[in-house]
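Trainee: I've got a new model open and I'd like to practise reading it feature by feature. Can we go through it together?

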Amino acid sequence: MGSNKAMELAVGVFVLAGIIALVFLAMKVGNLSTASVNEAYHVQARFDNIGQLKTRAPVTIGGVRVGRVSDIKIDENFYALVTMKIDSSYHKIPSDSGATILTAGLLGEQYISLEPGGADESLKEGDELLVTQSALVLEKLISQFLYSKAEETPASK
């Protein structure tokens, strides 16, 4: 009888450890475990197409995460307006910097890469990045390639 209780206790501890591991994994995958508590400022950028960019996606400079995407909406001219929350420790980013939407790996998550400009002024709360490059949409590239190949082949008689 005593070994049954010990076995039940062991199974219960094992199941609890599994649940804790799943919660930790879910937080890692959802980027919730890296929530920043530092002071930050917000900048915006307009894109024709953001692809699969999502809120909480990383914002990087040279591969180093400097912030996260905090909001995505459509403006009055039907452009995607992306608001980025930049950590205040990166307060010397030039105001003429550009933003590009890139993909981590071939089919990975999308993120925003900032390319620093050469202006003396730095970005501040509420500024807008004017130089942007939209996401490359794989389906659009494939269809353009196939369409150009179809035009090259001579029509058969």
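Mentor: Sure, and let's jump straight in at a side chain: Arg46 is partly exposed, with a relative accessible area of 28%. Keep in mind throughout that this is a predicted model.

Trainee: Fine, so which residue forms a salt bridge with Arg46?

Mentor: For a salt bridge, look for a side-chain nitrogen of Lys or Arg within 4 Å of a carboxyl oxygen of Asp or Glu. Here the partner is Asp75, and the closest N and O atoms of the pair are 2.5 Å apart. The two come from distant parts of the chain: Arg46 belongs to strand β1 (residues 40–47), Asp75 to the loop between β3 (64–74) and β4, and 29 residues separate them. Unlike the partly exposed Arg46, Asp75 is buried, at 8% relative accessible area.

Trainee: How many salt bridges are there by this rule?

Mentor: The count is 4. One of them joins Asp71 and Lys73, with 3.7 Å from N to O. Both ends are partly exposed: Asp71 has a relative accessible area of 30%, and Lys73 has 45%.

Trainee: And what about Lys124, which residue does its side chain meet?

Mentor: That one pairs with Asp127, at 3.8 Å from N to O. The two ends sit in contrasting surroundings: Lys124 is exposed at 53%, whereas Asp127 counts as buried at 17%. Salt bridges can also share partners, and that is how Arg46, Asp75 and Glu128 end up in one network.

Trainee: Next puzzle: what is the nearest side chain of opposite charge to Asp87?

Mentor: With a buried charge, check for an opposite charge, then for polar atoms around it. Asp87 lies in strand β4 (residues 80–87). The nearest opposite charge is on Arg65, 6.5 Å away, so Asp87 has no salt bridge, the cut-off being 4 Å. Its side chain does have a polar atom 2.9 Å from the backbone nitrogen of Ser89.

Trainee: Before I lean on that, which element has the highest mean pLDDT?

Mentor: Always a good check on a predicted model. Strand β4 comes out highest, with a mean of 96, while helix α2 (residues 138–152) is lowest at 80. Over the whole chain the average is 87, and 90% of the residues score at least 70.

Trainee: Let's zoom out, then. What pattern does the chain follow along the sequence?

Mentor: List the elements in order before you worry about how they pack. You get α-β-β-β-β-β-β-β-β-α, that is, 2 helices and 8 strands. Then ask how far along the sequence the contacts reach: of those with a separation of 6 or more, 64% are between residues 24 or more positions apart. Buried residues make up 25% of the 157 in the chain. As for the surface, about 11000 Å² is exposed, with carbon and sulfur atoms supplying 62% of it.

Trainee: Could you take one residue in a strand? Is Thr100 buried or exposed?

Mentor: Start from its accessible area, then see what it touches. Thr100 is in strand β5 (residues 98–103), and it is buried, at 15% relative accessible area. Setting aside neighbours within four places in sequence, Thr100 has contacts with Tyr111, Ile112, Ser113 and Gln133.

Trainee: Now backbone angles. What is the phi of Arg56?

Mentor: When you scan phi values, pick out positive ones and ask whether the residue is a glycine. Arg56 isn't one, yet its phi is about 75°. Arg56 sits in the loop between β1 and β2 (58–61) and is partly exposed, at 27%. Phe78 is another non-glycine with a positive phi, near 65°. You'll find Phe78 in the loop between β3 and β4, where it counts as exposed at 70% relative accessibility.

Trainee: Last one: which residues does Asp48 touch, leaving out those up to four places away in sequence?

Mentor: Tyr79 and Ser134. Asp48 is in the loop between β1 and β2 and counts as exposed, at 60%, so contacts and exposure can go together in one residue. Compare sequence and space as well: Asp48 and Leu81 are 33 residues apart along the chain, with 9.2 Å between their C-alpha atoms.

Methods. Residues numbered from 1 in each chain as written. Heavy atoms only, no water. Helix = DSSP H or I, 4+ residues; strand = E, 2+ residues; numbered from the N terminus. Buried < 20%, exposed > 50% of the residue type's maximum accessible area, 1.4 Å probe, protein only. Contact = heavy atoms within 4.5 Å. Areas by Shrake-Rupley, 256 points an atom, 1.4 Å probe, with all protein chains shown as cover. Lys, Arg positive; Asp, Glu negative; His and termini not counted. Polar contact = N/O pair within 3.5 Å; in protein donor to acceptor, adjacent residues only side chain to side chain. pLDDT = per-residue confidence, 0-100.
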